[in-house]
Amino acid sequence: MSGTVNIASSGEWQRILSSSTIVITDFYADWCGPCKMIAPTFESLSTKYSKPGKITFCKVNVDNHQSIAQSHGVSAMPTFLVFKSGSVIETIRGANPPALTAAVEKAVKLAGTAAAGASFSMPGRTLGGSGSNSSAAPARRSGNSTSSGRSWASFSPFNFLNTLLTFFGLYFASLLSFDPYKAAERSDFNLNKPRAPPAPIARGGSKPVGGASASGRTAGGVRTLADLGGS
């Protein structure tokens, strides 16, 4: 059903201008051929966008209401005037359906409303629910774990310093060698290098490892003058 209002008096015209946010008016004449040609487009837009108290479509017959037409400077038909809060914001002269449609759609946006059946949605949001990314937010805000799942609690300054020293030790060992790979393998900084078993500790009454005598002199070693004098 069309929402177009055919203006019957100046009083009705003023009432509509003061009560509706957007008023889209077709100034026409019965004898005007272009007016009849674009009339279906105007009626279609009126049916689609009319909203009481918000968006009103009007038709003013210039022959019957010359004072209204003259007050707005209408001198050619058809002329379409778009009012917002009683003031003209756009004028379309002539039978130009694309221009009329564009002007109406612009005015509808200014009114802050949409055509019947239109809906608005927010991506990832539902009424009474949470967004698609809400479950991931606590994990990002917790501050107790990194993206790889490793806890910050396992960080130790000693471990960091040890890793740093190992890196630079291997680096300099390989840098000063003709065969960097072999040097890195033999370096004491190589954590994977096989270690020799610790030397056994000498127990009481047995000879210390290495052939040292009880007197503290090494067997087969160089003898001092004191040793010669005592022999």
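A salt bridge here is a side-chain nitrogen of Lys or Arg within 4 Å of a carboxyl oxygen of Asp or Glu. Keep that cut-off in mind for Glu-12, which is buried yet has no salt bridge. What you're looking at is a predicted model of a protein with 231 residues, 26% of which count as buried.

**The overall layout**
- The protein has 8 helices and 5 strands.
- Starting at the N terminus, the elements go β-α-β-α-β-α-β-β-α-α-α-α-α.
- Take the contacts between residues at least 6 apart in sequence: 60% of them join residues at least 24 apart.
- The accessible surface adds up to about 16,100 Å², and carbon and sulfur atoms account for 59% of that.

**Helix H1 and its two sides**
- H1 spans residues 10-19, and its buried residues include Glu-12, Trp-13, Ile-16 and Leu-17.
- Those four sit on the same side of H1, because they cover an arc of only 135° around the axis.
- The general rule behind such a pattern is that an α-helix has 3.6 residues a turn, so residues three or four places apart point the same way.
- Over on the other side of H1, Gln-14 and Ser-18 are exposed.
- The buried residues of H1 have plenty to pack against: strands S1 (5-6), S2 (22-28), S3 (55-61) and S4 (79-84), along with helix H3 (66-71).

**Glu-12, a buried charge**
- Glu-12 belongs to helix H1.
- Which side chain of opposite charge is nearest to Glu-12? That would be Arg-15, at 4.1 Å.
- The salt-bridge cut-off is 4 Å, so the Arg-15 distance of 4.1 Å leaves Glu-12 without one.
- Leaving aside residues up to four places away in sequence, Glu-12 touches Val-5, Asn-6 and Ile-7.

**Ile-89 in strand S5**
- Ile-89 is part of strand S5, which covers residues 87-93.
- Is Ile-89 buried or partly exposed? With a relative accessibility of 40%, Ile-89 counts as partly exposed, since that class lies between under 20% (buried) and over 50% (exposed).
- Not counting residues up to four places away in sequence, Ile-89 touches Val-82, Lys-84 and Leu-110.
- Ala-107 is 18 residues from Ile-89 along the chain, and their C-alpha atoms are 8.9 Å apart.

**A nonpolar patch on the surface**
- Phe-160, Leu-161, Leu-164 and Leu-165 make a nonpolar surface patch of about 390 Å².
- One of these residues, Leu-165, lies in helix H6, which runs over residues 157-175.

Methods. Residues are numbered from 1 along each chain as its sequence is written. This is a predicted model: local features need pLDDT of at least 70, side-chain atom pairs count only at pLDDT 80 or more; totals for chains, interfaces and linings use all residues. Side-chain values use heavy atoms; hydrogens and water are left out. Patches are made of residues with over 30% relative accessible area and no salt bridge: like charges are joined within 9 Å, nonpolar side chains (Val, Leu, Ile, Met, Phe, Trp, Tyr) within 5 Å. Accessible areas come from the Shrake-Rupley method with a 1.4 Å probe; for residues, only the protein chains shown count as cover. Helices (H or I, at least four residues) and strands (E, at least two) are DSSP runs, numbered from the N terminus. Buried means under 20% relative accessible area, exposed over 50%, partly exposed in between (1.4 Å probe, protein chains only). The arc is that of the directions from the helix axis to the C-beta atoms. Contact means heavy atoms within 4.5 Å. Lys and Arg count as positive and Asp and Glu as negative; His and the chain ends are not counted.
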